[in-house]
Amino acid sequence: VIGAISNPQQFYQSYIIGYVYWLCISLGCLSLLMLHHLISGRWGFVIRRLLESGARTLPLMVILFIPIIFGMHNLYEWTHADVVANDPILKFKSPYLNETGFISRAVFYFVLWIGMTWLLTKWSRTQDETGEPGLKSKMINLSGPGIPVLILSVTFASTDWVMSLEPHWFSTIFGFIFVVGQALAAMAMCIIWVVNLSDADAFSEIEASKYLSDLGTLMFAFTVLWSYVSFSQFLIIWSANLAEEAPWYIKRGQGGWDIMAVALILFHFALPFFLLLQRAIKRRAALLLAIAVLMLVMRYVDLYWYIAPSFSHGGPSEFHPHFLDLTIPLSIGGFWLAYFAMQLKGAALVPLHDPRMAETFAGEGH
């Protein structure tokens, strides 16, 4: 609040970074939930309730989106009519990049995401109560088309909310980088939850800690995929060397941002990659917990590196962190975790009557 009053411009710049970070975890939970329904792996039954509760935080994210609407003029240069009038590129993009379209599409995204979440969690809770076998097919049938729909909607949302901060720049792989990053963040968060809830009765019964290795392997897979798509974007832009594309990386390769880029290579890819290759590490809860915490921190660093330099508006950008860059993500995170706990409360930690459970855990002696 002090930061918002004393420096509104900085408040909105820090706010969108913190907001996108926690929204990505919510959407990552939804994407992993649909992935679980499609493949029915044991790891999915262990974290299904956690994923459902994480996805059910999306109504909170709707409320927390309101400051971004009020701060549009502070964040997006295409909202200024005088700037658009004197910029042929912005004028060409104005049928898409305009305030009405921005808000309308945001409403559509949230209705779509919350609608899919509501159906999946409603059917899951009903299945707990009634054991109706047909609900399994409903969840599978929604998740099949739901995953590509989610990928497309996140691509458009990341274009609207992040890429349009620098409206002259574009990348066709940009949205998929966010899709992979959000799945990685959600998996890291789930590992933290599983480790901390391992003493709960339901988790003790199915020996949830036995499946940490599977969760660690999935986190490893998403780490590699994030590295692949991120490097692909860089390699394509670097090799093309076009004036419309190269400045985006040039800006993030100097003024202190280069150090952050090296940190991302080392701690978002190299270190977790080599650690998660080792099965022994993935089976030790304390070590896997430390790697998951590191991944959550580096996910924020990655988003900060993507978003913060955008506010230099074409000029040189220096790395000057502000206290709001820390307090706003922590504040939003406090609301998010409290709302998550409310959603988890009162529900069984594992699905009770899913017909796939018996087959999945048959070899485990349960």
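**Helix packing, a cavity and local backbone features**

Helix 8 crosses helix 9 in a left-handed manner, a crossing being left-handed if the near helix is turned anticlockwise from the far one by less than a right angle, and right-handed if clockwise. This is a predicted model, in which local features need pLDDT of at least 70 and side-chain atom pairs count only at pLDDT 80 or more, while totals for chains, interfaces and linings use all residues. Residues are numbered from 1 along each chain as its sequence is written, and side-chain values use heavy atoms, with hydrogens and water left out.

Helix 8 spans residues 99-130 and helix 9 residues 134-161; they pack at about 155 degrees with their axes 10 Å apart. That angle makes helix 8 roughly antiparallel to helix 9 (under 35 degrees counts as roughly parallel, over 145 as roughly antiparallel, 65 to 115 as roughly perpendicular and the rest as oblique). Helices here are DSSP runs of H or I with at least four residues, and strands are runs of E with at least two, numbered from the N terminus. Axes are lines fitted to C-alpha atoms, for helices over the stretch in contact, and angles run from 0 to 180 degrees between N-to-C directions. The contact of helix 8 with helix 9 is made up of 19 nonpolar, 7 polar and 4 charged residues; Ala, Val, Leu, Ile, Met, Phe, Trp, Tyr, Cys and Pro count as nonpolar, Asp, Glu, Lys and Arg as charged, and the others, Gly among them, as polar.

Aromatic rings also join these two helices. The structure holds 41 aromatic pairs (rings of Phe, Tyr and Trp, the last by its six-membered ring, with centres within 6.5 Å; planes under 30 degrees apart count as stacked, over 60 as edge-to-face and the rest as tilted). In one of them, the ring centres of Y109 and W161 lie 5.8 Å apart and the planes stand at 75 degrees, so the pair is edge-to-face. Y109 belongs to helix 8 and W161 to helix 9, 52 residues apart, so that this pair links distant parts of the chain.

W161 appears again at the largest cavity, whose lining also includes W113, V154, A157 and F178. The structure holds 1 cavity of 30 Å³ or more, and the largest has a volume of about 100 Å³. A cavity is a set of points, on a 1 Å grid over the protein atoms alone, where a 1.4 Å probe fits but cannot get out, and lining residues have an atom within 4 Å of a point. Grid points are joined across faces, edges and corners, and a volume is the space filled by probe spheres set on the points. Helix 2 (8-39), helix 9 and helix 10 (174-196) each give two or more residues to this lining, which by class has 10 nonpolar, 2 polar and no charged residues.

Helix 10 also packs against helix 12 at about 160 degrees, with axes 9 Å apart; the two are therefore roughly antiparallel, and their crossing is left-handed.

Finally, S40, in the loop between helix 2 and helix 3 (42-55), has a positive phi near 55 degrees without being a glycine.

Technical notes
1 Å grid on protein atoms, 1.4 Å probe; cavity = no way out; pocket = protein on both sides within 12 Å on 5 of 7 lines; lining within 4 Å.
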